Amino acid sequence: MVLISSCKKEEALSSDMEEQFYIKNGNVNMPVWIDGNGTSKTFIITVHGGPILGSGNDFYNATFAEEMEEKYVMVYWDQRHTANSHGHLKNEDLTVDAFISDIRLLVQTLKLKYGDDISLFLMGHSWGGMLATNYLLKESYQGDFKGWINIAGTPDAPQELIESAKLLLTISEEEISKGNKVTEWQDLVNTVSEIDTNNIDKVAEKTLADQENVMFDLLGDQRYPEQYRYKGASTLFSPADDLLLFSNLIHSGSLEFLEVVNKIDVVDDLYKITIPTLIQFGKYDSGTSPVIGQILYDNIGAPEKFFDVYQHSDHFCFTQEPDLFLNNTINFIETYK
Amino acid sequence: MKNLNLLIIALFICYGAISQESKFKELPISVSYYGYNAFDPGLKIGTQLQLKTWKKTKRRKDIIKHRTLFLSPQLGGYVNLKNHSALLLNTELGIETSKMNRRFYNTPSLGLGYLTQFNSGITYSLQDDGSVKKKTISTTGYLMGTLNYEIGQHITQNFTWFTKVSLASKLFYNTGFSVSTFLELGVKFKLKR
């Protein structure tokens, strides 16, 4: 076994890069895939959703990814305890700080491999957006990035369910005022109105999730065209492994960590984030309402910040309105790279 | 390196056990395609030590079934090009059942093995001082249990084909265990000693 100390030689950047390697933090091995145009010297580090149930594949298989790879280098990776990441972990290895440390290691590794002069952007979705927010608040870590793209990632998890109830009511009232399926929408309003938003317990949480599905059924193709419905990442010919993806869910550490994540609230610290920021939320995302995006936009300290609400998307605007998403994202990166 | 040493030592122990067991005069050798989740290719070799054979007769139907309790030491490996490769030292304990005068058989078995997983590509590892070091080979070892079901056909006394599906679980994997599947397709032939 060969152990080589920190390498000073940087690796070549080509227009058609396709590489794979691992990063290892303590006992945790995390696979990383690099795809794209290295001559741009612009690297987009994707931070997938979850936690636990997610994979770098969520971005890797997304329709917008291929076009992004023609212009930039996309960096896909499986976070600790997800998909193909592996190792001997204890429950206490699942902390937000540990995930932050993993991103830090990835940043260090990319600079070690490709040089200090590469431009880095951070792109996080859902939990990945939340994790990226926490990362950027840590020490001086945001200094490594030219900008960040938050896709439906909340800075305030406890507020999510409250806004979820409000969004269901808002959408319902909007549809009722248009005269669409009035009886059905009114039933939804009646059900959601019974929830005490000051005390949302597990039963209420389940009711909200059920009513979200009712809302999707009632909206039909109004939400977004059928071909863009998110069906989960296809894994047959990709690096992910569905069985591993789901078996991670039943681990004891997963449930404990989810409880921790559901309490994260960093709104009061958002003023510390000063790098250019693009926030992208879906109008029909009752899990992470656009109101959450507005809270993020209002509170971050970045002088250059942008907030887009996709009018036909829910939680996955990057797959549900890929053309618009691509256009907005490329414009942002081109401006600040 | 520790894992590789363990593998080598275990192989020698297996070989020694087989060599010293005089009552096993004919050892079948099995060679099979060993597909991780069916499609990631691999190879497995092994043998089968018969521990006990007996017959069971179903009187009403006048059917005689042959049963053989066996232990099967195996060495296998596979490659997942996009992610990892692995070496496995494994033992299965199973019961082969076939009807008298019929060549088809089926075999449920349980396995326990030691799997060494090799990360694909270079592994960049965070050091205690905050620096990053790169390793060309980085491995992690797992105990792996399997639940297997094999069917096959004895073409001749010395030649058999078989296929086997396995549900496998790496233990102490992340904060629990993993779930994977394997598909085998292979042949067994006997070497006279």
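In what follows, Asp, Glu, Lys and Arg count as charged, Ala, Val, Leu, Ile, Met, Phe, Trp, Tyr, Cys and Pro as nonpolar, and the others, Gly among them, as polar. Keep that in mind as we walk through this structure, which is a predicted model.

Let's start with a pocket on chain B. The second largest pocket has 25 lining residues, and those nearest its centre are Gln50(B), Glu96(B), His154(B), Gln157(B) and Lys190(B). Its volume comes to about 760 Å³. Sorted by the classes above, the lining of the second largest pocket holds 12 polar, eight charged and five nonpolar residues. Plenty of strands chip in: β1, β3 (49-58), β4, β5 (84-99), β9 (139-156), β10 and β12 of chain B each give at least two residues to the lining of this pocket.

Now for the enclosed space. Rolling a probe the size of a water molecule over the atoms shows where empty space is left. Searching the whole structure turns up four cavities of 30 Å³ or more, and the largest cavity has a volume of about 100 Å³. Its lining has 16 residues, with Ser30(B), Gln48(B), Ser72(B), Gln74(B) and Lys188(B) closest to the centre. Here the lining splits into six charged, six polar and four nonpolar residues. At least two lining residues of the largest cavity come from each of β1 (26-36), β2 (42-47), β4 (63-80), β10 (159-173) and β12 (180-192) of chain B.

Step back and look at chain B as a whole. Chain B is built from one helix and 12 strands, and along the sequence the helix is followed by the strands. Of its 193 residues, 44% are buried. Take the contacts in chain B with a separation of 6 or more, and 57% of them link residues 24 or more positions apart.

Over to chain A and the greasy stuff. The largest nonpolar core has 56 residues, and the members touching the most others are Ile34(A), Ile45(A), Leu110(A), Leu122(A), Tyr135(A) and Phe145(A). Helix α3 (residues 96-114) of chain A gives the largest share of this core, 10 residues. There is also a second, separate core of 26 residues, with Phe64(A), Met74(A), Phe121(A) and Tyr336(A) among them. Zoom in on Tyr135(A): leaving out residues up to four places away in sequence, Tyr135(A) touches Ile100(A), Ile103(A), Arg104(A), Val107(A), Leu122(A), Tyr141(A), Asp144(A) and Phe145(A).

Which residues of helix α10 (residues 290-299) of chain A are buried? They are Pro290(A), Ile292(A), Gly293(A) and Leu296(A). These buried residues sit on the same side of α10(A), because they cover an arc of only 150 degrees around the axis. An α-helix has 3.6 residues a turn, so residues three or four places apart point the same way. The buried residues of α10(A) pack against β7 (147-151), α5 (157-177), β8 (277-282) and β9 (305-310) of chain A.

Finally, a few backbone oddities. Most residues other than glycine have a negative phi, and most peptide bonds are trans. Gly50(A) and Pro51(A), however, are joined by a cis peptide bond, with omega at about -5 degrees. Pro51(A) is in the loop between β4 (42-47) and α1 (57-60) of chain A. Lys41(A), not a glycine, has a positive phi of about 55 degrees; it sits in the loop between β3 (28-36) and β4 of chain A. Lys41(A) is partly exposed, at 32% relative accessible area. Glu139(A) has a positive phi too, about 40 degrees, and belongs to the loop between α4 (127-136) and β7 of chain A. Glu139(A) counts as exposed, at 64% relative accessibility.

Conventions. Residues are numbered from 1 along each chain as its sequence is written. Chains are lettered from A and ligands numbered from 1 in the order in which they are written. This is a predicted model: local features need pLDDT of at least 70, side-chain atom pairs count only at pLDDT 80 or more; totals for chains, interfaces and linings use all residues. Side-chain values use heavy atoms; hydrogens and water are left out. On a 1 Å grid over the protein atoms alone, a cavity is a set of points where a 1.4 Å probe fits but cannot get out, and a pocket is an open set with protein on both sides within 12 Å along at least five of seven lines; lining residues have an atom within 4 Å of a point. Grid points are joined across faces, edges and corners, and a volume is the space filled by probe spheres set on the points. Helices (H or I, at least four residues) and strands (E, at least two) are DSSP runs, numbered from the N terminus. A nonpolar core is a set of buried Ala, Val, Leu, Ile, Met, Phe, Trp, Tyr and Cys residues joined through side-chain atoms within 4.5 Å. Buried means under 20% relative accessible area, exposed over 50%, partly exposed in between (1.4 Å probe, protein chains only). Contact means heavy atoms within 4.5 Å. The arc is that of the directions from the helix axis to the C-beta atoms.
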